[in-house]
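Hi,

Here is the structure I promised to send over. Have a look at it first, then read on for what turned up in it.

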Amino acid sequence: MKFPDVLDNTQVTSFAACERRFYWTHLMHLAPRGVRVHLDAGKCYAKALETTRVAYHDPASPLHKDADGALHLGLRSLLASWGYDEDVDAVFSNTKKEFHRVAEMFIKHFDRFGLATDKVKPAFLNGAPAVERSFTLELDIKHPDTGDNILYHGRYDMLAEYAGGLWIFDDKTCSQLGKTWANQWDFRTQFTGYIFGAKAHNIPVLGAIVRGACFYVGDVDFAESITRRQQWQLDQWWEDLHQTVYQMVAFYQRAKDSGLPDIDCHRLFPARGMFNENCKAYGGCEMKVLCESNHPKRWLSDFKVRHWDPRNPDKDGEPML
């Protein structure tokens, strides 16, 4: 059991939703073996978009302003990041996110939002397009193991220029679009943190633009949402973040002081998700099988060790010892 070196929105919201999920995922550092359909497909799609935008917009790129060349490079990136594995493809074949569907979404994204005509364009920092941006904030809380101030890290797809201002921009894949889709981002701490982080680094963003891409059975579709934050909302987020992290540290310290073996400390973390329906959110919690068993050790062979580091999101897992 080890407290994370760096926190991000994923870890903080995991704790807020269910302390035991946080324990399994970010203190014991467990992740299910096998394919994560939604995460893996979305990651490959996002990487292809990033590759295409950089190739087209970066003046140092040999494909600068070459839309066809940039699209071909993005498609090759999609192929490379997807790879080929018969077992993996068999898993995806039972979903709407097979490779050809993700490739279709990639092509149709630029049919809808052309590289040259998209009103949302990368901003430039130090002469380069500000694609795949990140920031780190220092919290006023000490790390329980190192004694250093705990760090909070955020990463978003692009710092964008739109309507004469600077905006956080993020692509999202989703299962459905509708009247309520655009409104949900007004309450997402993920984007509050992005806006706070940009402003803390003297980037005067006006808000965030979220572009959604949705897989339907026979088609794909897109939508956009613009969301803003008032200064009092940013201040409240910063205060709430500290309160939540303080509780995270207290739970961790209580477990460390209990004298119990790490794997038996799960009972010190409430399985709150069972009672607030977070177990069923987003297709179900990946840790559910551990919480449903009175003897979770029996299921550990289904998991691998994965030390989630928001500064290195592509780091793979390690086998269980």
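Let's start with one residue. Tyr156 has a relative accessibility of 2%, so it counts as buried, the cut-off being under 20%. You'll find Tyr156 in strand E7, which runs over residues 149-162. Before you go further, keep in mind that this is a predicted model.

What does Tyr156 touch, leaving out residues up to four places away in sequence? The list is Glu132, Arg133, Phe135, Ile168, Phe169, Asp170, Tyr194 and Ala198. Try picking out Phe169 on your screen: it sits 13 residues from Tyr156 in sequence, and their C-alpha atoms are 6.9 Å apart in space.

One of those partners deserves its own stop. Glu132 belongs to strand E6 (residues 131-142). Its phi is positive, about 55 degrees, although Glu132 is not a glycine. Is Glu132 buried or exposed? Neither label fits: its relative accessible area is 28%, and because that falls between 20% and 50%, Glu132 is partly exposed.

His29 also has a positive phi without being a glycine, with a value near 60 degrees. Look for His29 in the loop between helix H2 (19-27) and strand E2 (30-32). With a relative accessible area of 7%, under the 20% limit, His29 is buried.

Now zoom out to the whole chain. It has ten helices and eleven strands. Measuring along its principal axes, the C-alpha trace spans about 60 × 50 × 40 Å. Why call that a compact globule? A compact globule of 321 residues would have a radius of gyration near 20 Å, and the 21 Å of this chain agrees with that.

As for what is inside and what is outside, 47% of the 321 residues count as buried. The chain exposes about 16,600 Å², and carbon and sulfur atoms supply 51% of that area. Sequence distance is worth a look too: among contacts between residues at least 6 apart in sequence, 69% join residues at least 24 apart. The chain also carries 39 positive and 43 negative charges, and the mean positions of the two sets are 3 Å apart.

Next, the cores. In soluble globular proteins, nonpolar side chains tend to be buried together. The largest nonpolar core here holds 55 residues, and Phe3, Trp24, Tyr152 and Val245 touch the most other members. Helix H8 (residues 231-257) gives this core its largest share, nine residues. Apart from this core lies another one, of 21 residues, including Ala41, Leu49, Tyr56 and Phe110.

Val245 is a good residue to click on. Not counting residues up to four places away in sequence, Val245 touches Leu7, Val12, Leu139, Ile141 and Ile150.

Last stop: Pro296. Where is it? Pro296 lies in the loop between helix H10 (288-291) and strand E11 (303-305). Although it is in a loop, Pro296 counts as buried, because its relative accessibility is 4%. Leaving out residues up to four places away in sequence, Pro296 touches Trp24, His266 and Leu290. Trp24 is a name you have met already, in the largest nonpolar core. Ile263 is 33 residues from Pro296 in sequence, yet the two are 8.5 Å apart in space, C-alpha to C-alpha.

Happy exploring!

Terms used. Residues numbered from 1 in each chain as written. Predicted model: local features only at pLDDT ≥ 70, side-chain atom pairs only at ≥ 80, totals over all residues. Heavy atoms only, no water. Helix = DSSP H or I, 4+ residues; strand = E, 2+ residues; numbered from the N terminus. Rg over C-alpha atoms; globule rule 2.2 N^0.38 Å. Buried < 20%, exposed > 50% of the residue type's maximum accessible area, 1.4 Å probe, protein only. Contact = heavy atoms within 4.5 Å. Areas by Shrake-Rupley, 256 points an atom, 1.4 Å probe, with all protein chains shown as cover. Lys, Arg positive; Asp, Glu negative; His and termini not counted. Charge placed at Lys NZ, Arg CZ, Asp CG, Glu CD. Core = buried A, V, L, I, M, F, W, Y, C linked by side-chain atoms within 4.5 Å.
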